[in-house]
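Work through the following exercises with the sequence and the structure open beside you. Each task is followed by a solution that goes step by step.

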Amino acid sequence: MIHFVGAGPGAPDLITLRGAELLKTADVVVYAGSLVNPALLKLCPAGCEIHNSAEMTLEQVLSVMETAEQEGKTTVRLHTGDPCLYGAIREQMDALDAMGILYDDTPGVSSFCGAAAAAQAEYTLPEVSQSVVITRMAGRTAVPERESIAAWASHGASMAVFLSAGMLEGLQTELLKGTYTSNTPAALVYKATWPEEKVVRCTVGTLAESGRTHQISKTALVLVGDFLEPTYQRSKLYDPSFTTGFREASQ
Ligand code: SAH
């Protein structure tokens, strides 16, 4: 059996209890070495076989899984954050289906949640934005044209931009093609929840300059939107004059 597991954004105690239990009983672990905190590997039992997928191809990863399966072993495939975002899990799952190997998936805390925690922010504020766009700049991996940053920026919603800290100049230009202005609040969140975490608050107009000043060009999320510095309405859910399924209005 193969267990895909979300490692969380970095701090080792942000893996789920289920994910930690699976690591404690793994015979083989294949972890995404570029971003998964290696401290998590201390949970693995003695003698556990450990592979760093940053140095492997998909074929090599699948071969490790297949061999483990033939030997009746349990494998954990440890992905950063939650495996469902930029995790390249679908191609692994399809190949495992073709080989008749069973698998399951344990979610994790995505880095866009870790980044919001670091910035003490809420993406969904009444009257400011009720939507979060999770996206990336096109780089060596293409992005469908209809999902360009400029297209998303036209909504003016909250945005969490992955995999783009090395392209801040271009990102800034694309963002300004939407409804954002150069004064729209932005933040660069570097290594959220790791000891070296950094939150650099800036604006869309100073994004690239802030990246240069603070030498942030990878392992960071770019957050954009008025949610970072908002004037907002308080929530109806906790408003005394609002009746909910659990509470009668008191005023
Ligand atoms: N599945 C992961 C994303 C993997 S893509 C998740 O759910 O978070 C890798 C990108 O995620 C990085 O380029 C960076 O943009 C972002 N990232 C991952 N961990 C991060 C962290 N701790 N802090 C900030 N950004 C992070």
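**Exercise 1.** Describe by class the shell of residues around the ligand in this predicted model, and state which residues come nearest.

*Solution.* Begin with the classes: the shell around the ligand holds 11 nonpolar, 5 polar and 2 charged residues. Next, turn to the individual members: there are 18 residues around the ligand, and those that come nearest are Pro-9, Leu-85, Ser-110, Ser-111 and Ala-220.

**Exercise 2.** Find which polar protein atoms lie opposite the oxygen and nitrogen atoms of the ligand, taking 3.5 Å as the limit for a pair of N or O atoms, and then state how much of the ligand the protein buries.

*Solution.* Start with the side chain of Ser-110, where a polar atom lies 2.8 Å from an oxygen atom of the ligand. Continue with the backbone of Leu-163, of which a polar atom is 3.0 Å from an oxygen atom of the ligand. Then take the backbone of Lys-191, where the distance from a polar atom to a nitrogen atom of the ligand is 3.5 Å. Finally, consider the area: the ligand taken alone exposes 540 Å², and the protein buries 95% of that.

**Exercise 3.** Locate the ligand among the pockets, and characterise the pocket concerned by its volume, its lining residues and the elements that contribute to the lining.

*Solution.* The ligand sits in the largest pocket, and the space in this pocket amounts to about 1100 Å³. Its lining consists of 38 residues, of which Ser-34, Leu-35, Thr-80, Tyr-86 and Leu-163 are the closest to the centre of the pocket. Two or more lining residues come from each of helix 2 (58-70), strand 4 (75-79), helix 3 (90-99) and strand 10 (220-224). Sorted by class, the lining of the largest pocket comprises 19 nonpolar, 14 polar and 5 charged residues.

**Exercise 4.** Which residues line the second largest pocket, and how do they divide by class?

*Solution.* The volume of the second largest pocket is about 160 Å³. Its lining is made up of Arg-136, Arg-140, Thr-141 and Leu-163, which divide into 1 nonpolar, 1 polar and 2 charged residues. Leu-163 thus appears in the lining of the second largest pocket, while a polar backbone atom of Leu-163 is also 3.0 Å from an oxygen atom of the ligand.

Terms used. Residues numbered from 1 in each chain as written. Predicted model: local features only at pLDDT ≥ 70, side-chain atom pairs only at ≥ 80, totals over all residues. Heavy atoms only, no water. Near = heavy atom within 4 Å. Polar contact = N/O pair within 3.5 Å; in protein donor to acceptor, adjacent residues only side chain to side chain. Areas by Shrake-Rupley, 256 points an atom, 1.4 Å probe, with all protein chains shown as cover. 1 Å grid on protein atoms, 1.4 Å probe; cavity = no way out; pocket = protein on both sides within 12 Å on 5 of 7 lines; lining within 4 Å. Sits in = over half its atoms within 2 Å of the grid points. Nonpolar A, V, L, I, M, F, W, Y, C, P; charged D, E, K, R; others polar. Points joined across faces, edges and corners; volume = space filled by probe spheres on them. Helix = DSSP H or I, 4+ residues; strand = E, 2+ residues; numbered from the N terminus.
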